[in-house]
Amino acid sequence: MKKFIIINVSIGETRIAILEDEKLVELYFELPENERMVGDIYLGKVAKIVNGIQAAFVNIGQRQDAFLHFSDINKYILDMFGNNVKTDKRNTNRRNFVEAPVKKGQDILVQITKEPLANKGARITNGISLPGRFLVLMPGESSVGVSRKIQNRKEKYRLKHIGQTIRPKGFGIVVRTVSEGKDEAVLKADLDSLMKSWNKLVKKKEKSNPPCIIHKDMGMLSSVIRDLFTPDIYKLVVDDKKMHSHIVKYLKEVQPKLVDHVEIYKDKEPIFDRYGIESQLNKSLARKVSLKKGGYIFIEHTEALTAIDVNSGSFSGKSDHDSNSLKINLDAAQEIARQLRLRDIGGIIIIDFIDMIDDNNKKRLYDEFYREIKKDRAQVNISKISEFGLIEMTRERVRPALLYTISEPCPACGGTGRVISKTTVVARIERWIKRYKSEGSEKSLQLYVHPELAKYLTTGYRSRIRRISWKYWMRIKVHRDENISLEEFRFLNKSGEEDCTLKFMP
């Protein structure tokens with residue numbers, strides 16, 4: 001399987017696409033107004049403690065206070081930076097009650113683990129970790145871990161031994177996948193770089209007042225190069241000279257052998273068009289996604305979860321119902337796994353596959369979906385297929401899904417995906433006129449509405465606006481205004497000098 005990283009740089013955004021056999025599987029956007037926050041370290045101040053949910057809310061200078069669960073508090077970090085509070089365990093009402101390990105108004109060093117989403121603040125931890133190219137440094141820990149993706153037992157043992165040899169006292173280490181085959185000198189150099197960052201962070205903290213940022217992690221592009229540009233990447237192609245030089249310079253320091261895999265794109269055709277990414281992107285971010293065999297899936301986002309529905313569509317097949325359903329479901333399982341990675345959908349996910357009776361077919365479907373989902377770098381938990389043909393799963397949510405990154409709520413529908421019907425808007429207009437009649441004195445008004453609604457109101461001799469005029473003995477002149485949404489309307493007096501809409505709204 002050939003893997004590519006394709007980078008498109010423009011004035012407004014940087015787009016990073018991951019391809020597997022020319023198929024788009026992951027996409028990252030770096031926008032000036034929406035910088036990556038995961039990994040950033042802040043000096044915050046505890047704003048509120050809620051013992052009922054065993055959590056504290058910390059002011060880190062964002063619009064919403066960040067959420068810190070007591071289980072994410074590292075006693076070493078708390079002790080190291082003072083302001084510590086002793087924990088006290090006691091039984092209350094036959095259940096364990098743990099007094100808050102922090103107090104209101106306390107300064108605390110925290111790191112963002114999940115970005116803010118909708119009305120929820122960021123998720124944070126007091127257990128700090130600093131990722132490098134080959135290692136992850138964890139202050140306050142004492143263990144040495146090795147990436148699970150390294151399969152060779154001898155290599156795992158070798159890397160763990162190196163980690164134990166070079167580990168500084170009071171720090172833990174995780175050896176990353178890209179360390180496979182690297183010698184002690186390379187890992188030690190990466191560790192020294194991380195220790196410099198930590199010492200710099202500590203000095204800055206001592207001079208700072210909360211809330212403020214202490215350490216900014218790499219941007220989206222740099223983190224992708226650091227975490228994803230591994231030897232199994234066939235080629236990285238970028239269409240910007242400055243970005244190309246930046247990537248090459250970084251790789252010469254940490255992974256010189258990968259420099260030959262980097263290319264600069266010079267053709268006139270846009271790079272995302274050349275690699276077929278733009279067309280895949282437009283199709284894949286739609287609510288409805290077509291499948292190879294004629295079926296399709298619907299993807300619906302809600303505040304609580306994401307629902308995915310599988311439909312057979314135009315596929316009829318030549319076998320019995322169960323066999324036909326299995327073919328569509330297997331096709332859908334592959335596409336759903338890809339869509340979850342591509343859209344970066346996290347949280348609770350409910351998948352409604354086409355019902356099947358045969359338990360063997362259900363097992364085949366589950367095994368296929370599990371096999372596809374294991375390609376995902378995010379942590380996932382999958383339930384067995386229920387009696388209703390549903391798979392319930394959770395996927396690690398680190399940042400908002402791609403849909404929320406590149407789109408805004410519709411100003412007309414407010415994010416519901418639907419607008420109020422014309423009939424309902426006309427009824428609202430009539431109720432407004434009724435309220436006006438009870439207090440107003442003028443017999444003539446000017447009504448401004450969207451062109452479509454104006455047509456709906458004025459069509460025919462016994463048009464709707466004419467019937468309203470007769471009913472309330474009013475003269476109403478309708479004006480078309482393209483700047484007004486379908487749900488809105490504005491009433492002005494006869495001369496058009498006074499807007500009286502709000503005065504008679506409920």
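A nonpolar core is a set of buried Ala, Val, Leu, Ile, Met, Phe, Trp, Tyr and Cys residues joined through side-chain atoms within 4.5 Å. In this structure, which is a predicted model, the largest such core has 28 residues, and a second, separate core has 27 residues. The points below turn to these cores, to an open sheet of six strands, and to the residue Q446 in strand 24.

**The open sheet**

- Six strands make up an open sheet with mixed pairing, and their order across the sheet is 18-19-20-21-23-22.
- Strand 18 (288-290) and strand 22 (380-382) stand at the edges, and because each has a single partner strand, one side of each is left without a neighbour in the sheet.
- On average, and with direction ignored, neighbouring strands of this sheet are turned by 20° against each other.
- Within the sheet, strand 19 (residues 296-301) and strand 20 (residues 305-311) run antiparallel and are joined by six bridges, and Y296 has N311 in strand 20 as its bridge partner.

**Helices packed on the sheet**

- Helix 8 (residues 321-343) packs on the sheet, where it touches strand 18, strand 19, strand 20, strand 21 (347-352) and strand 23 (390-395), and the direction of helix 8 makes about 150° with that of strand 20.
- Helix 9 (residues 359-373) also packs on the sheet, touching strand 21, strand 22 and strand 23, and the direction of helix 9 makes about 175° with that of strand 22.

**The nonpolar cores**

- Inside the largest core, the residues with the most contacts are I297, I336, I351, F353 and F369.
- Strand 19, strand 20, helix 8, strand 21, helix 9 and strand 23 each supply at least two residues of this core, and the largest share, eight residues, comes from helix 8.
- If neighbours within four places in sequence are left aside, F369 is in contact with A333, I336, A337, I351, I382, I391 and M393.
- The second, separate core of 27 residues includes I128, L159, C212 and I214.

**The surroundings of Q446**

- Q446 lies in strand 24, which covers residues 444-449.
- Q446 counts as buried because its relative accessibility is 13%, and buried means under 20%.
- The side chains of Q446 and H479 are joined by a polar contact of 2.9 Å.
- Apart from its neighbours within four places in sequence, Q446 is in contact with K477, H479, R490, F491, L492, N493, K494, S495 and G496.

Terms used:
Residues are numbered from 1 along each chain as its sequence is written. This is a predicted model: local features need pLDDT of at least 70, side-chain atom pairs count only at pLDDT 80 or more; totals for chains, interfaces and linings use all residues. Side-chain values use heavy atoms; hydrogens and water are left out. Helices (H or I, at least four residues) and strands (E, at least two) are DSSP runs, numbered from the N terminus. Buried means under 20% relative accessible area, exposed over 50%, partly exposed in between (1.4 Å probe, protein chains only). A polar contact is a pair of N or O atoms within 3.5 Å; within protein, one must be able to donate a hydrogen and the other to accept it, and residues adjacent in sequence count only if both atoms are side-chain atoms. Contact means heavy atoms within 4.5 Å. Two strands pair if DSSP finds at least two bridges between them. Axes are lines fitted to C-alpha atoms, for helices over the stretch in contact, and angles run from 0 to 180 degrees between N-to-C directions.
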